[in-house]
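Here are a few exercises for getting to know a new structure. Have a look at it first, then work through the tasks one by one.

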Amino acid sequence: MSNANGFHPGERRPLIELRRLFRYFGETRAVEDMSFKVYAGEVFGYIGPNGAGKTTSMRILATLDEPTAGDAFVDGFSVIDDPDRVRRRLGFMPDYFGTYQNVNVREYLDFFARAYGMRGSERRRAVGSVMEFTMLNKLAEKPIDGLSKGMKQRLCLGRTMIHDPAVLILDEPAAGLDPRARIELREMIAQLAQQGKAVLISSHILTELAEICDKVGIIETGQLLAVGTVDEISAKSQAKSQVRLRTLDDSRPLRAWLSQQNDITNLTAEAELMTFNHDGGQKEQALLLRKIVEAGFEVVEFASKTKSLEDVFLHVTEGRIQ
Amino acid sequence: MTSLPSSNAANSSPSESRVSSLVTVLSQIGAWLEALGDRANPILVKETRQALKSRQFTGTFFIVLVACWIASFAVVAISGPSVYYGAEGSTMLIVYSAILAFPLMLIVPYSAYRSLAAEQEDNTYDLLSITTLTTGQIIAGKLGSAVVQMLVYLSAVSPCIAFTYLLRGVDALTILMVLVYFFLASLGLSLLALMAGTAAKVRYTQVILSVLLVLGLAWFFFASIFLVGGFIQESYSFLRETWFWVGNLAFLTVYVTTFALIHAAASAQIAFSSENRSTPIRRIMFVQQACFVGWVAGALSAEDTLKDLGGAIFASAFFLGLYWYAMGALLTSEWPYLSRRVQRSLPQSKMGRMFLTWFNPGPGTGYVFCVANLSMIAITGLILIGFFSSVMTTNPSVDQLLYFLLIGWSYTVIFLGVGRLLISLARRFVYVSMTAGFLLHVILLLVACGLPQILAFMSSPNGSVQYGLLHMTNPIWTLYLLVNNGSTAIEAATLSFILIPAALIVLLLNMRSVSAEMQYQRSLLPTRVAEEEAELHPEPEAKASNPWEEEEKASEQ
Ligand SMILES: Nc1ncnc2c1ncn2[C@@H]1O[C@H](COP(=O)(O)OP(=O)(O)OP(=O)(O)O)[C@@H](O)[C@H]1O
Ligand SMILES: [Mg+2]
């Protein structure tokens, strides 16, 4: 029997779920029919070009905006009907920093801890551990107006997790961070996922996402084009690997030979160097190499590169702008 | 817990050493507030901390302090030795009141407005609104920090006020009353300013609102000086009169209920849209009306005769008619669909559905709510006239009163009803916000008053316009003539023959959508919510909040 929320008893409940979510701004279709689920302990990466609808859908999840149609659920609670319950278990880090005048780092965190209803020693402990986690201890008494961009970003992340929410929504948390801070952020997020939190994170820096995300969703013009692990998406998008081939001397005979093969496309050549796309996995590539060698060509280099998240992204999206 | 930085003196120049000693004193207040516990409103705690560090706040504090000292020296210098035997106390109190009015009437309310507007500008409002603070707590926190500021300003002036007492010519009770009036006025203005702050979501309205607010506050600033000045001069006789205290009590009732109403409205402005934002407001309206009627009844019963009954009925009908028209114009602009969240807590029993449905959000229920309240008042008035017409004085006359109740009732029912129909018609094509709906009501009234005027003006040869049946759509002129020139001036009998059936027809026309709104049934709690409720409150057996729910429980079993 499935209940009002559509879950079967015993089935694991996703911490984040978008169910046929739409959000229009007049003619602009910022979010169009998006559905996906994120479970506890998962990091879900959100990739999409500018204006794809990442921030819009995240704001809806954070109960700051309302969908035109559809619904989103956090730990089974609807963001439309029970925003109060959603807020208790959700931390949202927007892509801007909200600043107060005449407030220092500790007071800032203390304020939000109070605002989430934490009291006494519980609150002091929360503020202390968040400052430790984000390494802001030394800046505790510093006015937040005077913080650098990266420090603000940390404080923002700290504020997001002050009430130990089960769900974290991070909108471009790595923007403006130096390489070291990025690595640290990555570690922090991995740690949070290990604690059993569900993390939804958007970023433009794809290499970063590929490493920490269990799943990614690629969106463009409000639509979810592909969801899954990076490998799954690569496979689904008929990923061809790119092969680089170098011969000992003149490559023209080999070029002619290769153009006869039917699983090879996009063949380009430059003196001894050739590159082409090859359909098929590693096994097929090994076979191809043997055939080339058996046909008597002298190969000095054979390198195949599987597609990166970046290539997948470029392949899946089309650069549409609305 | 954080200790407030009391070591500011270490890195400040000597000229700031006085400031820093003040800061130490103030930080004591902060520490005391801290100790007051975790229970304090988070916004209050944060803003008190901010205020203690803000230059604007300490600056104003010093200006007030210095102004008081200068004023004191000036008076002592001018009156010379006579200060010992002359009764300069009341003059001094007026001067200090004028000084105190500046921070209390201008600075405190305007800072309250700014602090809410700044949350929007500095992007902190989003962060604040997704915490578990309720919107009521947000407004209360902002008000609380306004109160803290008020208290600090009051304490700056308190030594000077004690000085006026020593100068003689003014008694302690007068001083206390002046302070109470200032406090209440400043608190009320701060709440209004916050209400303006919640309405200012777009840059353009923000600019207009802040200009209007500053003008309004400036007007209040001067008005308060004159009023308090007048009060201080007359207080000697006032304070011995019973009516003065009764009047104050009545005023306090109005103040408290209106305060609650605006607080609820301001909270509703920033609440999320599926929340029930109407029912709490309607409850307060209901209570406010009950208080009003209670005071009128009390005032009447305090007198020996019932000769003022007619005047009381007239005044009540006039005020409550206006009240329900204004409130009705807002309530009938509400959105006609109930969110799933609201549907969870709809009344279920037969009695509950009959009496409590009208407290549910929605323009139709809002219309019926206003009409029902107004009808109750009108019927009570008619019954009282029926019983006591012989003992009432002749001004206003009995037939004037009767027609005033009937025609006034009809006008309110017609205008609210037609306005509501227009709004729902407009909503088929465009989005009509609550403000737009309210404006539609105002425009309807203006057109109804203005159109016959124009027609009559164009058709009359010499340009003078006489009242006639053509003007019956003009409630203002009609009722004005009825009260001033009597029932014959407007052919009241004919008019009620037309208006009362018209009102009933409008009422009927509205019933279709009212019944649509009544179709909503209580919906079950989503399983997930029920699950959590059971977890959080292991005993789901809630006490019945009204007798009807008990019946409902019994019928469930
Ligand atoms: N408040 C709004 N009013 C009108 N249009 C909006 C509003 N917010 C977003 N949009 C539009 O919705 C679309 C999606 O915007 P969104 O901010 O979600 O994109 P994004 O994926 O976060 O982009 P970016 O990578 O640049 O942050 C855009 O076309 C944007 O113009
Ligand atoms: Mg964005």
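Two strands count as paired if DSSP finds at least two bridges between them. Keep in mind that this is a predicted model.

**Exercise 1. Work out how S12(A) and S13(A) are joined.**

Step 1: Apply the cut-off. S12(A) and S13(A) are joined by five bridges, and at least two are needed for a pair. The two strands run antiparallel.

Step 2: Pick out one bridge. Ile264(A) has His278(A) in S13(A) as its bridge partner.

Step 3: Look at the link. S12(A) and S13(A) make a hairpin, with two residues between the strands. One residue of the turn, Ala271(A), has a positive phi of about 50°.

**Exercise 2. Place S12, S13, S11 and S14 of chain A in their sheet and find what lies across them.**

Step 1: Write down the order. The open sheet has four strands, in the order S12-S13-S11-S14 (chain A), and the pairing is antiparallel.

Step 2: Find the edges. Strand S12 (264-270) and strand S14 (299-305) of chain A each have a single partner strand, so one side of each is left without a neighbour in the sheet.

Step 3: Check the twist. On average, neighbouring strands of this sheet are turned by 15° against each other, direction ignored.

Step 4: Go to the middle. Strand S11 (residues 241-247) and strand S13 (residues 273-278) of chain A pair in the antiparallel sense, over six bridges. In that pairing, Ser241(A) stands opposite His278(A) in S13(A).

Step 5: Add the helix. Helix H10 (residues 282-294) of chain A lies across S11, S12, S13 and S14 of chain A. Its direction is at about 165° to S14(A).

**Exercise 3. Now do the same for the sheet of chain A that holds S2, S1, S4 and S5.**

Step 1: Start with the order again. Here it reads S2-S1-S4-S5 (chain A), in an open sheet of four strands with antiparallel pairing.

Step 2: Ask which strands are at the edges. Strand S2 (28-38) and S5 of chain A are, and each has a single partner strand, so one side of each has no neighbour in the sheet.

Step 3: Follow one pair. Strand S1 (residues 16-25) and strand S4 (residues 69-74) of chain A are antiparallel, with five bridges. Phe22(A) stands opposite Ala69(A) in S4(A), while Arg19(A) has Asp71(A) as its bridge partner there.

Step 4: See what packs on the sheet. Helix H1 (residues 54-61) of chain A does, touching S1, S2 and S4 of chain A. Its direction makes about 120° with that of S1(A).

Step 5: Finish at S5. S4(A) and strand S5 (residues 77-78) of chain A pair in the antiparallel sense over two bridges, and one partnership is that of Val74(A) with Phe77(A). S4(A) and S5(A) form a hairpin with two residues between them. Asp75(A), in the turn, has a positive phi of about 55°.

**Exercise 4. Describe how chain B meets chain A.**

Step 1: Tally the residues. Chain B gives 41 residues to the contact and chain A gives 48 residues.

Step 2: Turn to area. The two chains bury about 4100 Å² between them, with 50% of it on carbon and sulfur atoms. On the chain B side, Leu127(B), Ile130(B) and Arg528(B) lose the most area to chain A, together 18% of what that side buries.

Step 3: Bring in the polar side. There are 14 salt bridges between chain B and chain A, and 21 residue pairs are in polar contact across the interface. By class, the side of chain B that touches chain A has 13 nonpolar, 12 polar and 16 charged residues.

Step 4: Zoom in on Glu532(B). Its side chain meets that of Arg85(A) in a salt bridge (2.8 Å, N to O), and that of Arg89(A) in another (2.2 Å, N to O). Arg89(A) lies in the loop between helix H2 (83-88) and strand S6 (90-93) of chain A, and Glu532(B) in helix H19 of chain B, so that pair joins two chains.

Note on methods. Residues are numbered from 1 along each chain as its sequence is written. Chains are lettered from A and ligands numbered from 1 in the order in which they are written. This is a predicted model: local features need pLDDT of at least 70, side-chain atom pairs count only at pLDDT 80 or more; totals for chains, interfaces and linings use all residues. Side-chain values use heavy atoms; hydrogens and water are left out. Contact means heavy atoms within 4.5 Å. Buried area is the accessible area (1.4 Å probe) that two parts lose on being put together, summed over both. A salt bridge is a side-chain nitrogen of Lys or Arg within 4 Å of a carboxyl oxygen of Asp or Glu. A polar contact is a pair of N or O atoms within 3.5 Å; within protein, one must be able to donate a hydrogen and the other to accept it, and residues adjacent in sequence count only if both atoms are side-chain atoms. Ala, Val, Leu, Ile, Met, Phe, Trp, Tyr, Cys and Pro count as nonpolar, Asp, Glu, Lys and Arg as charged, and the others, Gly among them, as polar. Axes are lines fitted to C-alpha atoms, for helices over the stretch in contact, and angles run from 0 to 180 degrees between N-to-C directions.
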